[in-house]
Structure formats: C-alpha cells, structure tokens
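Biologist: Please take a close look at the interior of this model. Begin with enclosed space, then go on to rings and strands.

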Amino acid sequence: MTIRKGLLEITAALTIAGLGLWVSGQTANADPIASTTYNTGAKALLDAPQGVFLGSGTKSNYFTIDNTVSTASGSNAAKLIAAGNTGGSSNSAIQISKAGTTQSWGSIWSSDQSFDLSKKETASMWIYASAEGNASASTSAGDGMAFVLQNGGTNVYSGSGESMGVWGVPDSLFAQTNVASTAIQNSWALEFDTFPNGSIPTQPTYDDLDFFEIGPKTNPTWNFTNQQPTSFDVNGETPSGQSPIADTHIASNYPGSSDTYVETSDYAKGQKKMPMGSVQDYQGDFYYYSMRHLGYLDEGPTGTSGNLSDQRWHHITVDYTPPTTAGGKGSMTYTYNDKNPDTGMPVASSDYATVPIDLSKFNLASGQTKVRWGFTGSTGAASENNYVIFDQLPGQAQTEATAKLSYLNNNFGDYEDVNDGGSIPGNSTVKLTYNFGRTDGDEDWKSVNANLYVPKDLTITKGTIDYPDGTSGTVDTSAIGSAPGGQSQVLKVPLAGSGLTMSGTQHATITLTGTANNVATSTTGVTEAAQTSYFTGTNASSSAKLPSFKITSKVNADLLMDTFKDKGVLKVNYGGADDAHVIGTALPHDINAVKAKDIVVHPAINGVSQDAVTMESMPSSDPTLGNSPYYFDYDVPNSKLQPGNNTISFYATYGSGDTKITSTTVNATVVAGTVGFGHTSGDMTFEPTTLTGSGSVLIKRDSDWSLDVDDNQINTQKDTEDTEDTEDKGDAAPWSVTARTDGMYTTGTAVKTKLDGELIYVDAKGIRHHLDGSDNPVIASGSASKDGTELTTNIAKDWTDQSGIMLRVNSGAVQGVYSGEITWSFINSVDTGSTSTPTS
C-alpha cells in the first residue's frame, strides 16, 4: 500500500501457508521437483520434455526473429533449435541465449498480435535457465529472460544485463533518467531472473563541516566512478530502509510504467557526461534505480541448490483471465513447477502468484483486444543457456488428455479400475483407455497423433479408435515395440491419416486390450512403472499417465480372494475418530476340507505389512452376506492412513510346506478426506483514492478476489427430525474461516510507522468487523457433503463493492509504503489450525 501526496494506492498481497495449500509472496518456495539435472545445454536438449515443433533456425509459422533492432548491437541470439523427442514426436526449443556467450541479446515475437486480452488465454511452457559445468560453475548464471506481452512491433528491445531486453535501462554514469521511457513500451513482463542485481551503493559520509548536511557538501566519500548500475533487485523506497534481493526469482510488472521503478539519489563523487559529450569527474547528485516486483516468487540461490538456475527443466503455466466489467482489470496467474519434467505429468504446486492486469497499460486502440507476445533475454558478464519449449501456445488450442487402466475381475464379471499402487492378477484381461481432446482456445488442435507408452509386461492384442465424428478405426498393435531402456513398450498411433484436427470441445478415444503377463513369482508381485503417453499436434501437446501397479500371481482356483467395493466403510475423515472398514472374502475350492480357521489373511496398508489374522477371528457382520464364514471384516486404523487414497491389500494362505496354497493379492482403496485452503487469486488490490484530509475513507477492492476452501471430507453430522431447528442443525458448518491483523506498517524505513487506518470486514448484513485482533470475525463457513464428494467454496464469492474485506483510512494517514499480515484461522470438526498472510 502506497500513500503519496494525498493519493492512496493500495495492494494487499495475500500469502497462504501452514494449513493452506497455496504459497506465494516474498518467502522461499517449496523444494524443487526431484528431477534429472543436465550440466550442459546439449544434454538438456537431448532429453528435453515433449513440446510443440515450432520450426528451426529463424523459420517458424508462429514467430518472427528480428535483427533490425536499433537499441542492440550484434546479432539476435534467439533461434529455434532441435530438441529431443521424449514423446516420440518432432520437438524444438527456443534459444534466447547460449552459455559461454556474454553481453548477448535475444528476442523472439509472435508474428501476429494473437494474445487476446478480451478472452481467457493460456501459455504453457518448459524453461531451462542455467549455466554449464558442475554445481559450483552453475552459480555464474545470468542474466535471465522474460515472457512479455506488448502492443508494438517485432523490432523492440531495451537493453542487456539486468534489463533483460524488456525493463528500462539506467544511465551508465548514474545520471537522473526516465528509466521507464527506455523500456519496451505498452507492455507487461514476467521475468525469470537468474542473476540478482542487488548492489546498494554504500551510504555517503561527510566531513565535519557538513556532518548534519546543513552546509556545503564539500567532501562526500560516496564514489560512483567505474561502477555499473546493478540495483534493480533492491527492496525498499528509501536508502535507510533498502535491502538486496539475494535469490533468483520470478516476478512481474509493467516495464514502460514509471510506477515500476524506484529512484534513489544522494550527493556523491563520480563522473558526468558534459553537454559537449566529454566525460569528466563530477561531484553532485547521482541516481540509481530499483524495481518493484509484483507477484514475487523466491526460487532460492543461483545454482543447483536453488529452484530456477539449477540445471533442471521447469514447467510454468500462465493463465490470463479478462476483466469482468467494462474498464475493470484482468488477472494473470503464473504457476511454476506444475509438471514433472521427467514424466510430463501435472503435479500439485504451491509456487504461484496472481497479479492484476491493467489493460490501460497496453495503450490499445479503439476496438483492439489483441497484443503481441514473446520472449526477451540477455547475458552480461555472466552467461547461461535460456531455452523455452511450448506445450501450449497462447492464442492457439487448449487441450487435455487422460489415461485409465482397468482389468476384468472375473469374480464380478466387469472391469475394475486400477489406481496408483494397485494390482492386477497375472493372466487377467486388461484395458487401456486414452481420451484426449480440445477444451478451448482460438484455434483448432491441429494434426494430432498419439505416442502411447505401455507397461512392459502387458501383451496388447487389439486396439480401436473412436473419432469425434462418430466413426471408428483400428490400431495396428503389431507396431508395438520395446522403448529405449526396456522398461516400457511404445506404440505410435497415426490418427486420421496425417493427423487428427479437433475443434470446439471435440475428443477422441483410443482403447487397447490385452493380457497381463503372469510374471509374479511371489506374493509381493512385480511392479510396473507408471507410463506417460503423448498426444502431439502442430500447435499444442498433452500427456496422460497410466498408474504404477503390481502384477500379482494369477488367480488361484484353490483359494479365490476379493474385496467388496460397495460394502464396508471405505471413506473416512483424515485425522478423525472413525476407522475404515474393509469387507472381503477368501473362498477355498473345497469348503468341506478347508475351514475358515485354517485360512490366514495377510493385510498391508500402503505397502506396509500388518499382522496376519485368521479368517475365524474377524468374521463379517454385514447382514447382506448371510452366515458364511468365508467373509471377513478388517478394520483399518485412522492413524495409519495418509491423506487421500490409501491402498489396502490382502492375500490369503492355508496349509504349509509343499501343500501350502496362496491366493492372488487383491486391493481395496480407502479414501481419507481432508479440508483446507486451496487456490487463491493472489494480490488483493484496492482502488486508488485521493484523500481529502478530513474524516475517514472506506476504500473498496478494484477487482475480484478469491480464496478457496477445498473439502472432500464426509459430513458425519446426523440429521435431527424432531426439533424446530432441524434445518439449522442439518446445515450446521463443520468448518469456518476467521481473519485478523495487527495492522499495516511502513516498509523501507528505519522506523516502522503504523497506518492511521485498518482493514475491516463488512458482512452480508452490512455490519463492520475489525480485523485488528479484537473481533476475529468469521469470514466464511461451510459443510462437507454427506458422501464425501469434493466441494470447493470460494469464501469471497458473494462479496460485493460494499462487502468483504475493505480498507478504512483515516485523515491522519501520511505518505509511505505500508505492509502488514492477515492471519487466517481455519477451524473444522476434525482439526484446527491457523496460517499467516502477509499484506502490503
């Protein structure tokens, strides 16, 4: 929040941690995904994730690589280079800079203005931003690159080094400069900064005559001679309150806006360019500039111990949401490390931020909605390989894919889905189902073909294709072969001749059938690794993963075993008082010779063996199963469950020695439901407001804001039918969210001054609640579903311009930059906790 000369500009940056699932703000983010490292660019490209083939060299259907840039010398380093085809399709990467080449520049732009600010847009890409050599050498990486939206041509570039080709360029002699005017104009940029430029010039001292700076400044010791501006990565607005940003980071702002830069000056020695062009020693005011980082993500130190220039591929998805009202602001959410580079599959990521997008910054013409997009980057004294591989281009198609594995359970006569950690008896009939299609976007998904990776111990005998138009085709399963490394099989499936094109929300399905080989020689079975398949078109690609599973011994007719999927208690609340309850059967071929007391059941919970139990000691109490002694009930302690899906496996034995009989291994899935904070839209911004100097002003938010509560617990509250308040009791909420704050204080100053004002919460009835710790009001409450179906509640969904969290500023508010912290407390019927939220 910034107050200047009566104009109040407020941003409340919200960070959920602890109980929450969302982390952002200026704090170190989660550990990097444990993926493969590559200490050279050549190795990184050879084993690169699958993306879209964009072209080669300077030739592309999508991009323009322009050398007619007046603000840069030498050649444009950007080009399209070959990348490995992990997914079996042609692949290419954009090179912005190359390790070993210092003082270089690179830029590449969409040939057309195709990023539509009036619609939802998505850009999804892999980045590699690292130096070459060992871990020590990798710390010399620099300077980074930026994803840019801009309303201009393809020949724009600002400068190298900390400017990365998009930010403004400070004067090399520290003269006062309109830095914003030297940046790419009418733009927004998302930087991947691998070289923190956090040099803060040492504060000057004065001689005795000017100790209090009341006389002539005769002998300053602050000397700028032979220094270079390198202070963009400095926090704070005043010299006494400034501190360097030490880590690599991802952040955004408007390069051509003066609000992006902070000017700091003081009296010092140095050199100055004179009117006639000569450079001479000079004593006077010198200026350095830092940059305001919005949506800041801290990615740790430079080098392999960090999370950006760590010689790994990283995935980032950039999602744009247009304004919901005329003249309003859109938003941009960028989510980092949301896919595993070794598998290409989505993973949960807490490393993201959402920032508002002010369309007025692009200086759009009347009726114009589209802007150009691209990448810029640079090297300075340090260098690195900067590569980008797109799996989804903005302005093109948005796509998805899923994969499912199932087997024919002969005990029930139908197919049963296999989850991660599940099992399939040897000799079972298996079915692999792949569904893929277009979900949104401006263009069709063009020329799509499939590369299917199949577990190594499945024999595929038949395949079919169901096309979006209702027609079908066959898959040539004889083309399947061993994949490199021998841990899987690969089957290339050409679609519709040279490739399938899909429009609207069209989807297609590939179904493969076959048999699980009987490879197990013990009760533990043989583990089959998860396999990722790829569906690649000329403008987008998607991937889908089959689960990891075990092939167990084939069904033994002498001792059949299974678990019921529709009986028992297979869903509980994680950490709750209720245990799960699995019902199963172990049926010998000769029930006259083998009694229940002779059969021993061997359970395991998530792969951890439990004590063996005789059938006789755990008879089933389910009345629908009659009095047969060959059904059993097994209680799973809640304390042994993990959040989400849990695999409970069983096999049974009877006899001993050479006559010992062992069943196949069967599984049941128990779900332990959870509730907690989910996605948030990020920064909460308030309307710029001019203070009148009298009375207090209530300032509203200038865009929509959201914070989700994700709940897949079971509502265990019993309905009451014989009281007047039956409805209220049925709707009683097992969870609630409260908020409080200790106030807003100045930042960037030696002495922290509290804002004369406060954040308040206005409820639906118009009642105002203080967030200063005295009220601790309930902001939202909710209830889980009776069957455990996942529910997502946006706690701000019903907020209006006159309700929700607002800012009251009193007449005594003074100029400054303020920040604070909101503590969100989460209370539910199973567990309680709280989390802190920085605000600024």
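Modeller: A cavity, here, is a set of grid points where a 1.4 Å probe fits but cannot get out. Its volume is the space filled by probe spheres set on those points. The model is predicted, and local features are considered at pLDDT of at least 70. Rolling a probe the size of a water molecule over the atoms shows where empty space is left.

By that rule, there are 2 cavities of 30 Å³ or more. The largest one holds about 100 Å³ of space. Its wall is made by 14 residues. Nearest the centre lie Gln50, Trp126, Gly344, Tyr534 and Ser543. Strand E38, residues 541-546, gives the largest share of this lining, with 3 residues. Sorted by class, the lining has 7 polar, 4 nonpolar and 3 charged residues.

Next, the rings. A pair of aromatic rings is described by the distance of the centres and the angle of the planes. Over the whole structure, the search finds 20 aromatic pairs. Take tyrosine 128 and tyrosine 387. Their ring centres are 5.9 Å apart. Their planes meet at 20°, so this pair is stacked; the cut-off for that label is under 30 degrees. The pair links distant parts of the chain. Tyrosine 128 sits in strand E11 (residues 121-130), tyrosine 387 in strand E24 (residues 385-392), and 259 residues separate them. Are these two rings' residues buried or exposed? Tyrosine 128 has 0% relative accessibility, so it counts as buried. Tyrosine 387 is at 2%, so it counts as buried. The limit for buried is under 20%.

Now phenylalanine 147 and phenylalanine 375. Their centres lie 5.6 Å apart, and their planes are at 55°, so the pair is tilted. Tilted covers what is neither under 30 degrees nor over 60. Phenylalanine 147 belongs to strand E12 (residues 144-150) and phenylalanine 375 to strand E23 (residues 370-378). The pair therefore ties together parts that are 228 residues apart in sequence. Phenylalanine 147 is buried, because its relative accessible area is 0%. Phenylalanine 375, at 1%, is buried. Both belong to a cluster linked by ring pairs: Phe63, Phe147, Trp373, Phe375 and Phe390.

On to the strands. Three of them, in the order E40-E42-E46, form an open sheet with antiparallel pairing. Strand E40 (559-563) and strand E46 (631-636) are its edges, each pairing on one side only. From one strand to the next, the twist averages 25°. Strand E42 covers residues 580-588 and pairs with E46 over 6 bridges, in the antiparallel sense. Within that pairing, valine 582 has tyrosine 634 in E46 as its bridge partner. In a regular strand the side chains alternate between the two faces of the sheet.

Strand E39, residues 549-552, is worth following too. Strand E27 (residues 422-425) runs parallel to E39 and is joined to it by 4 bridges. Serine 423 stands opposite lysine 550 in E39. Strand E36 (residues 526-528) meets E39 through 3 bridges, running antiparallel. There, glutamate 528 stands opposite phenylalanine 549 in E39. E39 thus has a parallel partner in E27 and an antiparallel partner in E36.

Terms used:
Residues numbered from 1 in each chain as written. Predicted model: local features only at pLDDT ≥ 70, side-chain atom pairs only at ≥ 80, totals over all residues. Heavy atoms only, no water. 1 Å grid on protein atoms, 1.4 Å probe; cavity = no way out; pocket = protein on both sides within 12 Å on 5 of 7 lines; lining within 4 Å. Helix = DSSP H or I, 4+ residues; strand = E, 2+ residues; numbered from the N terminus. Nonpolar A, V, L, I, M, F, W, Y, C, P; charged D, E, K, R; others polar. Pairing = 2+ DSSP bridges. Axes fitted to C-alpha atoms, helices over the stretch in contact; angles between N-to-C directions. Phe/Tyr/Trp six-rings, centres within 6.5 Å; stacked < 30°, edge-to-face > 60°. Buried < 20%, exposed > 50% of the residue type's maximum accessible area, 1.4 Å probe, protein only.
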